[in-house]
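Reader: I would like to go through the pockets of this model with you, and to hear how each statement about them is justified. Could you begin with the terms you use for the residue classes?

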Amino acid sequence: MVNDLAAKARQEFFPGKIVAGQQESHDFVFLCDNGAQLRVEVITDKVLRFRYATETGFGPDFSYAFPGGVPARTVPEFLEFRERPDHYRITTDRLICTVSKDGLKTRVLDRSGNTLLQDEKGFHWEYDYDSGNDIVKMSKGVQGGVCYYGLGDKPDNMNLRGKRFTNWGSDTYGYVKGTDPLYKNIPFYLELQQRIAHGVFFDNSFKASFDFAAERADVTSFWAQGGEMNYYFIYGPSLLEVTQEYTRLTSPPELPPLWALGYHQCKWSYFPESNVKEIAKGFRDRQIPCDALYLDIDYMDGYRCFTWSPTHFPEPKRMVQELAQDGFKTIVIIDPGIKIDPNYRVFTEGLEKDYFCRRGDGPLMKGSVWPGLCNFPDYTRPDVRDWWAGLFKELIEDIGVKGVWNDMNEPAVFEKGTFPDDVRFGYDGHPTSHRKAHNIYGMQMARATNEGVKRFAYPNRPFTITRSTYAGGQRYSSGWTGDNIASWEHLWLANIQCQRLSISGFSFVGSDIGGFIDTPDAELYVRWVALGAFHPFFRTHSSGDHGDQEPWSFGEPAAELAKRFIELRYQLLPYMYTTFWQYTTQGTPMLRPLTFLDQTDTETYLRMAEFGLGDHLLVCPITQAGADGRWMYLPRGDWFYYWTDEARTGAAEVWAAAGLDRIPLFVRAGAVIPMYPVQQYVGEKVIDEVTLHVYFKAGQESSVLYDDGGEGYGYQSGQQTTRRFTVTGTEKGLLLQQAIEGDYHPSFQRYRVVLHGLPFAATAYSTDGQPAEALEVTLETGLTLPAIDISATFTELVVG
């Protein structure tokens, strides 16, 4: 007798022939003669969802990628459904989708008829005898010259073509280039072909794999070890628009407090209290700006979360208050493992209320992490998340901690790696096993943590950081790239990983500056600080096993250089904050690979060192020892070298001279770059004047400055100001215009406008029709330039 299940497990299955196709409002459902189904949903006129079912039919529609469990949708202005002899055709304002009557094969085209995405084998599946799941698969054809980007924190070349990757969040201590998988699980990638871009978001939280023309050069495929074949096609046509659409689909974060964009110092571990105070004093004595100090697991009593070591920190409230008086915000680590200890309140509460994860047969899940044997909360249950959030009251509201750092939440377990597959989860009313919940565990822990910090920090904004996450996790937390190494390769990787996370919807990210493992030399540390100054999350973090890693640990010359880059970051805070506001409101990535700056230029496709920060800055780190500069590529347009004001024309490779006191940094011609005075921490000074660095352009360019005070929620009810600048330049003059929107009244009343790159000798200045007097200023770069002090409410500045 043949074992049908065993036979079934050795073959692939495909949809049959369509026997029915019909429209249901903005959805289209196709049923095959073997029970397979396809549901095409028009999310927007640029986003299509493809949801497949085998003979068992569709399950409940729920995903943690979206705030409400399902994607928000807009009503398309134009939608047409037609049946043809061999296919069905769906048309929106921007896209055409065809569905073959034989095998459900699909093709997506733009309205000009360019094929964007086309099935090769298309949807197929395989029965997994061990788990009982269907392994769901999708294969797409590859056209010539295609490039692939995205997929979160993969430590590899920017273009993913020719590589294969897996999403299964893993604690990867000391990873190297090519290590896979890592901590984060973001199943979204972008595809660029024939200068037209689109994206694919494979929303499936099971272990998932992606093959970007690795096994077969003409096929790209993705598959998962269970769940549905459920993916979203996201049209650009620019790469920037694809990331915007994806970020809006999964929802961007709220604005962080401004101080969170300052410099942070962390180590495993700063203890006891005297050591923390010594580190704080070291910053203030040397006048090196710093906003946040971190406490790793040694601040706890026996690594029990939500406790304090009575030996190391006998009076935590007093210490945190004293640090705050000197401008330092205290951040503490919280891991998911709760020590099994009958005298530990968090454990006994979780046990009594049955909040911990259980094995398939009923016993509690046990695993060893830092405290020893632990139980682990099921953050996929709303009641558990609410309980967890409430645990932060003492830390945040009573003691005064300003932020929380979630680690080990892949989830990681010593020796075993992670939980066994049979561990059960509530999954917000859709009970499931660890196979499905693993990749979202860290995200849901970050969600619960964020809820708690936000609840007890109010009316201030929360700050949290997570090591592991899933698509949409940007709503709850910032992140970092994990346990890296003090090496030049890892400095290179930090640049690539942060760019990749940014275009994958997760912009609030940085790396452990200097490397977590081993100790950098002074040159590597300074080069890393220089890069980190242009990453949204700016933190030095190191392991206590490998020596000190404060800016002054490498000698006074290195400390002075690090100080200069940290000071530059504090000057750029209004630009960085505006860029973050654009991310939260428009979905634009804060860090933009070179290809995003000009996808029509094929020279940008394989380059990866250069990146844009916001609209107008271009950065390229030095990632080799002993270098005094580097060759880099400038995208089309006109640019100024920040350090010298040398004008360069783009679409060309240029040499950027950069000793250890510089990082190659270019400013787009026509840009207005706002800068604050240097502060030792955010809020140290009342900002009464903002410097506007105006770069000449023969033509016109726009810039923006957003302000809401950097704290609280008044901006959500209109207490914000958007200042839009337009620069118009000719051979004989420059016009700077400002339009102000919003009701917020910032502390500054004046601008100092510094003029860069004027091709003429300016002799006359006027603001709003009144003569203005020019002065000369000498900048930190050594440049002496003309400047004008004017009212912050000006409408027009004319220079001639």
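Author: Ala, Val, Leu, Ile, Met, Phe, Trp, Tyr, Cys and Pro count as nonpolar, Asp, Glu, Lys and Arg as charged, and the others, Gly among them, as polar. The model itself is predicted.

Reader: How many residues of each class, by that rule, are in the lining of the second largest pocket?

Author: The lining of the second largest pocket holds 16 nonpolar, 8 polar and 6 charged residues. Nearest the centre of this pocket, which has 30 lining residues, lie Val682, Gly683, Gly709, Gly710 and Glu711. Since the rule places Val with the nonpolar, Gly with the polar and Glu with the charged residues, Val682 is therefore nonpolar, Gly683, Gly709 and Gly710 are polar, and Glu711 is charged.

Reader: Which domains each give at least three residues to that lining?

Author: They are domain 2 (263-335 + 382-586) and domain 4 (686-799). The space in the second largest pocket is about 550 Å³.

Reader: Why is the largest pocket said to lie between two domains?

Author: Residues of both domain 1 (12-236) and domain 2 (263-335 + 382-586) take part in its lining, so the largest pocket lies between them. Its volume is about 790 Å³, and Phe206, Gly226, Gly227, Glu228 and Lys436 are the closest to its centre among 39 lining residues.

Reader: Which element supplies the largest share of the lining of the largest pocket?

Author: That element is β5, with 4 residues; among the others that supply at least two are β10 (115-127) and α8 (434-457).

How values were computed:
Residues numbered from 1 in each chain as written. Predicted model: local features only at pLDDT ≥ 70, side-chain atom pairs only at ≥ 80, totals over all residues. Heavy atoms only, no water. 1 Å grid on protein atoms, 1.4 Å probe; cavity = no way out; pocket = protein on both sides within 12 Å on 5 of 7 lines; lining within 4 Å. Points joined across faces, edges and corners; volume = space filled by probe spheres on them. Domains from an automatic or database assignment.
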